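Please examine the sequence and the structure shown here. A short report on helix geometry, burial and confidence accompanies them.

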Amino acid sequence: MSEISARRAIYHIKATFGFNKNQIAKITRCTRMLLTLQEGNNVVTDELRALYEQSVAAKARYGTDLAKHHSNTLVRRKTIAQHFIGKTPDIEAVLAEAHEKSKNIRTRKVKTDSFQMYLRTARTRDRQL
């Protein structure tokens, strides 16, 4: 595989799986600060490279569908990030199952009345004062 930059690897992982930097750091077994330093100094560790290669393979199979609902799709009572952190051995099966489950999730926009929203948040605003 050609040489990749740490910035590009992190961006690709975020776009494919929808992970934030903290989750990527947990999966690669480092701190968020170290991940930021790796990104700035263009250092790609073996764990980050392996996660990048998994994200390339997943994007080829599923596109960016896994990123849309990654935090609220449970597969075997865990999210995708929890499976990666726990180093689940059959991660491909987990990704396929998550992709199937995320196909059934539909979102819709809801109109909100600004005055109703004002009334609903009145208690919260009073506490902030």
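The report below treats confidence, one helix and one histidine in turn.

This is a predicted model, in which local features need pLDDT of at least 70 and side-chain atom pairs count only at pLDDT 80 or more, while totals for chains, interfaces and linings use all residues. Residues are numbered from 1 along each chain as its sequence is written, and side-chain values use heavy atoms, with hydrogens and water left out.

The pLDDT is the predictor's confidence in each residue, from 0 to 100. Its average over the chain is 84, and 93% of the residues score at least 70. Helices are DSSP runs of H or I with at least four residues, numbered from the N terminus. The extremes of confidence are tabulated here.

| Helix | Confidence in the chain | Mean pLDDT |
|---|---|---|
| H9 (residues 122-128) | lowest | 64 |
| H2 | highest | 92 |

Where pLDDT is low, the predicted coordinates should not be read in detail.

Helix H1 comprises twelve residues (6-17); at 1.5 Å a residue it should span 16 Å, and its end C-alpha atoms are indeed 16 Å apart. The expected span is 1.5 Å times one less than the number of residues. Buried denotes under 20% relative accessible area and exposed over 50%, with partly exposed in between (1.4 Å probe, protein chains only). In H1, Ala6, Ala9, Ile10, His12, Ile13, Thr16 and Phe17 are buried. They lie on the same side of H1, because they cover an arc of only 160° around the axis, taken from the directions from the helix axis to the C-beta atoms. Exposed Arg7, Arg8 and Tyr11 occupy the face turned away from the buried side of H1. Gly18, with a positive phi near 80°, follows H1.

His83 belongs to helix H6 and is buried, at a relative accessible area of 3%. Leaving aside residues up to four places away in sequence, His83 touches Val75, Arg76, Lys78, Thr88, Ile91 and Val94, contact meaning heavy atoms within 4.5 Å.

Note on methods. Helices (H or I, at least four residues) and strands (E, at least two) are DSSP runs, numbered from the N terminus.
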